[in-house]
Amino acid sequence: MADGTLAGHREWLRRAAGLARAGGSEVARAAVAANHASLAVACGDPQARELVAGPARRRSPGRCREHAARGLCNAADAALWRGSYQWSGELLSAGLDLPARIGASYTAQTAQGTRLLLDWWAGRWAGLGERCERFVADTADMPVVAADAHLVRGVLAFVQGDWTQAVHWLTALGAPAPECTRMPLAAATAGTLIRLALLRDDLPTAAEQARAAWTAVAEKGIWAWAAEPAPWAV
């Protein structure tokens, strides 16, 4: 039985690809291709760029284009967490254009969340806190999407020395958590919470956060996602 590890995800994709081919559904093949592309980016697969570009180049029915848009936006997010900021920005531009043309509003919102993360990492901080707060309000019914803005708003508060606000944004309802959001986002949140605990000389809490974050990333097996908590865990 395939599991939630990297090997498990690859096994699920292999099975899904086989079923999609056997069923002859172009939409199913497009869905699998989107998932394959984003996983390839996250893992640093040498074929990642080709896998990401393929579906977006093809002229396909509407449902297939929805999956192509999702694949581009998810790949942009995956590239961000690997530190490939320029490529992430390029994928975001394409990923935001396609959903707008086909009316895929949820996919467009996920891309906007990734844009906030990219602006944080790239140092484009002017007005970023206000944009995060608006995004959280606009996506109140989509907590998984709002989690991007929670993280960025929280780390902004942290670097500005407002620890109370940092804790609020990183732990409030809708904030990233391992059980309900993307693992790299949850790991980055844990990294900041570990730092906060260390600053307060709360070593037991810091150790608890570090163990939980490290265990969760280890179970997935994509070690680039450990970049944020790793220095503070050590």
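Is Trp121 buried, partly exposed or exposed, by its relative accessible area? With a relative accessible area of 24%, Trp121 is partly exposed, because burial requires a value under 20%. This residue is a good place to enter the structure, which is a predicted model.

Before the details, consider the confidence of the prediction. The protein chain has an average pLDDT of 88, and 94% of the residues score at least 70. Among the elements of the chain, the lowest mean pLDDT, 79, belongs to helix H3 (residues 48-57), and the highest, 96, to helix H7 (residues 128-138). Where pLDDT is low, the predicted coordinates should not be read in detail.

Now turn to the aromatic rings. A pair of aromatic rings is described by the distance of the centres and the angle of the planes. There are four aromatic pairs in the model. In one of them, Trp81 and Trp121 meet edge-to-face, with 6.2 Å from centre to centre and 75° between the planes. Trp81 belongs to helix H4 (residues 62-81) and Trp121 to helix H6 (residues 105-122), so this pair ties together parts that are 40 residues apart in sequence. Trp81 counts as buried, at 10% relative accessibility. Another pair joins Trp120 and Trp125, and this one is stacked: the centres are 4.6 Å apart and the planes differ by 5°. Trp120 is buried, with a relative accessible area of 11%, while Trp125 is partly exposed at 38%. Trp81, Trp120, Trp121 and Trp125 together make up one aromatic cluster.

Tryptophan rings also appear beside charged side chains. Arg15 lies over the face of Trp12, 5.3 Å from the ring centre. The charged end of Arg49 is placed over the ring of Trp87, at 4.1 Å from its centre.

The last feature is a pocket. The largest pocket has a volume of about 730 Å³. Its lining consists of 27 residues, and those closest to the centre are Ser38, Leu39, Asn74, Arg182 and Trp225. Several helices contribute to this lining: helix H1 (6-23), helix H2 (26-43), H4, H6, helix H8 (143-159) and helix H10 (183-199) each supply at least two residues. H4 gives the most, with six residues. By type, the lining of the largest pocket contains 16 nonpolar, six polar and five charged residues. Helices H4 and H6 thus appear twice in this account: they hold Trp81 and Trp121, and both supply residues to the lining of the largest pocket.

Notes: Residues are numbered from 1 along each chain as its sequence is written. This is a predicted model: local features need pLDDT of at least 70, side-chain atom pairs count only at pLDDT 80 or more; totals for chains, interfaces and linings use all residues. Side-chain values use heavy atoms; hydrogens and water are left out. pLDDT is the predictor's confidence in each residue, from 0 to 100. Helices (H or I, at least four residues) and strands (E, at least two) are DSSP runs, numbered from the N terminus. Rings of Phe, Tyr and Trp (its six-membered ring) pair if their centres lie within 6.5 Å; planes under 30 degrees apart count as stacked, over 60 as edge-to-face and the rest as tilted. Buried means under 20% relative accessible area, exposed over 50%, partly exposed in between (1.4 Å probe, protein chains only). A charge sits over a ring if NZ of Lys or CZ of Arg is within 6 Å of the ring centre and within 35 degrees of the ring normal. On a 1 Å grid over the protein atoms alone, a cavity is a set of points where a 1.4 Å probe fits but cannot get out, and a pocket is an open set with protein on both sides within 12 Å along at least five of seven lines; lining residues have an atom within 4 Å of a point. Grid points are joined across faces, edges and corners, and a volume is the space filled by probe spheres set on the points. Ala, Val, Leu, Ile, Met, Phe, Trp, Tyr, Cys and Pro count as nonpolar, Asp, Glu, Lys and Arg as charged, and the others, Gly among them, as polar.
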